[in-house]
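Visitor: Could you take me on a close look at one part of this model, the open sheet, and then show me a little of what lies elsewhere?

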Amino acid sequence: QVLLVFAKEDNQSNGFCWACEKAGFRCNIARTPESALECFLDKHHDIIIIDHRHSRYFDAEALCRSIRTTKPSENTVIIGVVRRHADREESSILPLISAGFTRRYVENSNIMACYNELIQLEFGEVQAQFKLRACNSLFTALEKSQEAIEITSEDHVIQYVNPAFETVMGYQIGELIGKELTEVPINEKKADFLDTINSCIKIGKEWQGMYYAKKKNGDSIQQNVKILPVVGQGGKIRHYVSISRLCNDNNKVLVNCSLGSTGCICYIQTCRHKDRRKGSLDVRSTTSRGSDGSSQRRHSSMARIHSMTIEAPITKVINIINAAQESSPMPVAEALDRVLEILRTTELYSPQLGTKDEDPHTSDLVGGLMTDGLRRLSGNEYILSAKQTHQVAGSLISPISLNDIPPRITQAMENEEHWDFDIFELEAATHKRPLVYLGLKIFARFGICEFLNCSESTLRSWLQVMEANYHSSNSYHNSTHSADVLHATAYFLSKERVKQTLDPIDEVAALIAATVHDVDHPGRTNSFLCNAGSELAILYNDTAVLESHHAALAFQLTTRDDKCNIFKNMERNEYRTLRQAIIDMVLATEMTKHFEHVNKFVNSINKPLAALEENGNNGDGESIKTVLTSPENRILIKRMLIKCADISNPCRPIEQCIEWAGRISEEYFAQTDEEKRQGLPVVMPVFDRNTCSIPKSQISFIDYFITDMFDAWDAFADLPNLMQHLDNNFKYWKGLDERKLRSLRPPPE
């Protein structure tokens, strides 16, 4: 943003106005010092250009000094426009600098001259100020770090220590800054030992080890120290960063995160891993059965929702408001109802992930699945699919009719309405083309062609195009995974509570979204693509990269050829509604918003339903219907449905669960291999094929992502068989881990 301070409009002010427009900068104009100061305090401009040519209108230097006294001006670039004197001696710039100006501009109203000045400012002073602003956040992290941090110059002059360093060593910061290390008795001067450290760090290598330091009071303390040389201007070492931890501090571990070439190192701490299962909802309590086992279990599921471990801050707020409503007069209770309505429809449900103790497997899974990667400054690029030729209807073999399916495939799909359906048997029978056949059968069962007003041959062509654009070379994200998610989606849609809630258009959207939700998946995570600078990551601004690509490509492939355009006969408004629902469901499979979706579902659906049941309102059909069928809640239910279908592997029968675990592990192993080959950040270091414990990774995944989500979904949809499988599978992985086994299966007896 640019603020122009000119008392009167003239060619120079117009030149800068037009230059701002050409450069795409937002521009404000002030005519008086008062209005300039007021405008700046409101907008916080990056650049201020003050007319210094006419002292009779206002004192430019006084205005600059006034602006510089304000806090927001700390990182603002201020330019003074001065007269051009061809016949006079060049005047000194020092008065301008003293007044607070960054630099001067000798008047020149030529638009290109003004434009060039702005562009030079943007890539010079303004960009430098942005970096300085960013440094404030880095120093805030250093100030709050509980590790003792010291930064010295290349000559070992102390330039910075954080409060933790002051506390540990007993010095005040003023006693240390500007002193050479040799002037301050902060270490045991063992010459040979110090020479060893210096010989290591002076050649650019970091040193880590045990180190005895002497506090101000003379006490000697043992520390675990890491010293890192920081390369700066001219490719030389310009700083040393020292991070110290007392050796008896057993409950902390260091996790370092180096930030590009800035030379700043931040350290964060985590607690030792505890068995998160103890703090999660106990799925074993859901598996007991009696003559009325289902209703008893559903009641306990609803009650369990109140103690869910995924509480975000907003959940606590809602609970407080609910409690306050019970003892409030009617007007207050109604007002609080409106507050709850607002809270339940805004983006306030993401939890604080740090509240769950992390082990390496969990933190790697969270880092790999819930972030968009670490920034990288190299030129490495990972090019995929954006330029590849996608399969279209005309290039495919003529599809087989639903009435002409081979007997082996028909037999493999016989029990597709049941949860224990074996997708791998169908994969083998169809030679890795299960999606077309299962899709034809499930879509026929749900009457999709009738709803879309399209022919069966169009649907067959569409299914073939979608399946052809899944990568069969991926061990996990291939068309078998898509068929598996489609099967789970159809199974959930058949549950009574779900059928009561969703409209036909919702069912169609869910089945189509399940089919396309991973189309053209490259077998790599979003973090990998962002780190590698892939074309897709650039296209989608490092945000929900794959999910955005899946949704966009699905519609591109569908609408580019009438032969497979299942939407071609739909009425425009209905198509828009369906399209929006499909996109929303595909984007919901992105894991960065996992906890937000689960929290919203729990607070907007589980808890209101539980409250109605606990208050004896089972027969109050209208109240339940209101909760279930509001447009906002139907969206939450559809998101939860496809999320559960997408990662339901741990709830499948044990052999299927094991097979899926092996496939996803292999895909992560391949990614780690490629990251190492390309010199990219390793997003999930535990997924190293030589050292990974698959049981531990599955235990972490179930604890962190699966348990709470399926408890919530079970409380809504009544899924005792899934919860029994989940419990069995968790015990299986736990048993392998307790035997210190890292493989998918125990060795033969």
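Guide: Gladly! A definition comes first: two strands count as paired if DSSP finds at least two bridges between them. This is a predicted model, and in it 5 strands form an open sheet. Their order is β7-β6-β10-β9-β8, and the pairing is antiparallel. At the edges sit β7 (158-161) and β8 (207-214), each of which pairs on one side only. From one strand to the next, the twist averages 30 degrees. As general background, strands of a sheet pair through backbone hydrogen bonds, either parallel or antiparallel.

Now let's look closely at one pairing inside this sheet. Strand β9 (residues 220-231) and strand β10 (residues 237-246) run antiparallel, and 9 bridges join them. If you would like a spot to rest your eye on, find Pro229, which stands opposite Tyr240 in β10.

Leaving the sheet, we can turn to charged side chains. The model has 27 salt bridges, counting a side-chain nitrogen of Lys or Arg within 4 Å of a carboxyl oxygen of Asp or Glu. One of them is formed by Arg652 and Asp484, at 3.0 Å from N to O. This pair links distant parts of the chain, 168 residues apart: Arg652 lies in the loop between α26 (631-646) and α27 (654-678), while Asp484 belongs to helix α17 (residues 479-493).

Finally, on the surface, a patch of negative charge gathers Glu334, Asp337, Glu341 and Glu632. Helix α10 (residues 330-343) gives the largest share of that patch, 3 residues, and Glu341 has its place in this helix.

Key
Residues numbered from 1 in each chain as written. Predicted model: local features only at pLDDT ≥ 70, side-chain atom pairs only at ≥ 80, totals over all residues. Heavy atoms only, no water. Patch = residues over 30% accessible without salt bridge, like charges linked within 9 Å, V, L, I, M, F, W, Y side chains within 5 Å. Areas by Shrake-Rupley, 256 points an atom, 1.4 Å probe, with all protein chains shown as cover. Lys, Arg positive; Asp, Glu negative; His and termini not counted. Charge placed at Lys NZ, Arg CZ, Asp CG, Glu CD. Helix = DSSP H or I, 4+ residues; strand = E, 2+ residues; numbered from the N terminus. Axes fitted to C-alpha atoms, helices over the stretch in contact; angles between N-to-C directions.
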